[in-house]
Amino acid sequence: MKDLTRLKRRLDKAADSTDEDGLLTDLLDEAEAFVKGYTRRRAVPEALAPLVCELAAGSYQRLGLEGQQSHTEGGVTLTLDGLNERQRRQLEAYRLAIVG
């Protein structure tokens, strides 16, 4: 529930609004699964919890833009990348090596 509250705050949603709780929870779950898979861990390290929220917020903002590489609206162009370099470095620091 703490992550959902954090995500709502990041997206500037009212904390007591429950209209999109199902969607936001799904996005948090997907971001958590991504972090676990990328780092090869069974649980998300506490230090990466803010990154899970950040990834979920990014997914929310890209809803409806799936498949696009860039989007222009009102003269502003948004390039839709996966992870940025800072996010990749954060994840790499917690990634477990494969042995054998």
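## Aromatic pairing

One aromatic pair is counted in this predicted model. The partners are F34 and Y38, whose ring centres lie 5.8 Å apart and whose planes make an angle of 35 degrees, so that the pair is classed as tilted, an angle under 30 degrees being required for stacking and one over 60 for an edge-to-face arrangement. Both residues belong to helix α2, which spans residues 21-39. Their separation is four residues, or about one turn of that helix.

The two partners fall into separate accessibility classes. F34 has a relative accessibility of 38% and is partly exposed, whereas Y38, with a relative accessible area of 14%, is buried. The value for Y38 lies under the 20% limit, and Y38 is therefore assigned to the buried class.

## Surroundings of Y38

Which residue lies over the face of Y38? R95 occupies this position, at 4.3 Å from the ring centre. R95 is itself partly exposed, with 32% relative accessibility. R95 also takes part in a salt bridge with E92, in which the closest N and O atoms are 3.5 Å apart. E92 is likewise assigned to the partly exposed class, at 38% relative accessibility.

A further arginine, R88, is located in helix α4. When residues up to four places away in sequence are disregarded, R88 touches Y38 and L83. In sequence, R88 and Y38 are separated by 50 residues, while their C-alpha atoms are 9.7 Å apart in space. R88 is partly exposed, its relative accessible area being 32%.

## Salt bridges

How many salt bridges does the structure hold? The total is six. Side chains of opposite charge can pair when their charged atoms come close. Among the six is the bridge between R95 and E92, described above.

Another of these bridges joins the side chains of K13 and E20, with an N to O distance of 3.1 Å. Both ends are partly exposed: K13 has 31% relative accessibility, and E20 has 27%.

The side chains of R86 and E54 also meet in a salt bridge, at 2.3 Å from N to O. R86 is part of helix α4 (residues 85-93) and E54 is part of helix α3 (residues 49-61), so this contact ties together parts that are 32 residues apart in sequence. R86 is partly exposed, with a relative accessible area of 37%, but E54 is buried at 17% relative accessibility.

## Nonpolar core

The largest nonpolar core comprises 19 residues. Within this core, L7 and L91 have the most contacts. Helices α1 (2-10), α2 and α3 each contribute at least two residues to the core. The greatest contribution is that of α3, which provides seven residues.

The surroundings of L91 connect this core with the aromatic pair considered at the outset. Apart from neighbours within four places in sequence, L91 is in contact with F34, V35, Y38, T39, L48, L51 and L83. Both members of the tilted pair, F34 and Y38, are thus included in the contact list of L91. L83, also in contact with L91, is one of the residues touched by R88.

## Summary of the Y38 site

Y38 is a buried residue that pairs with F34 and has R95 over its ring face. Its contacts include L91 and R88.

Conventions
Residues are numbered from 1 along each chain as its sequence is written. This is a predicted model: local features need pLDDT of at least 70, side-chain atom pairs count only at pLDDT 80 or more; totals for chains, interfaces and linings use all residues. Side-chain values use heavy atoms; hydrogens and water are left out. Rings of Phe, Tyr and Trp (its six-membered ring) pair if their centres lie within 6.5 Å; planes under 30 degrees apart count as stacked, over 60 as edge-to-face and the rest as tilted. Buried means under 20% relative accessible area, exposed over 50%, partly exposed in between (1.4 Å probe, protein chains only). A charge sits over a ring if NZ of Lys or CZ of Arg is within 6 Å of the ring centre and within 35 degrees of the ring normal. A salt bridge is a side-chain nitrogen of Lys or Arg within 4 Å of a carboxyl oxygen of Asp or Glu. A nonpolar core is a set of buried Ala, Val, Leu, Ile, Met, Phe, Trp, Tyr and Cys residues joined through side-chain atoms within 4.5 Å. Contact means heavy atoms within 4.5 Å.
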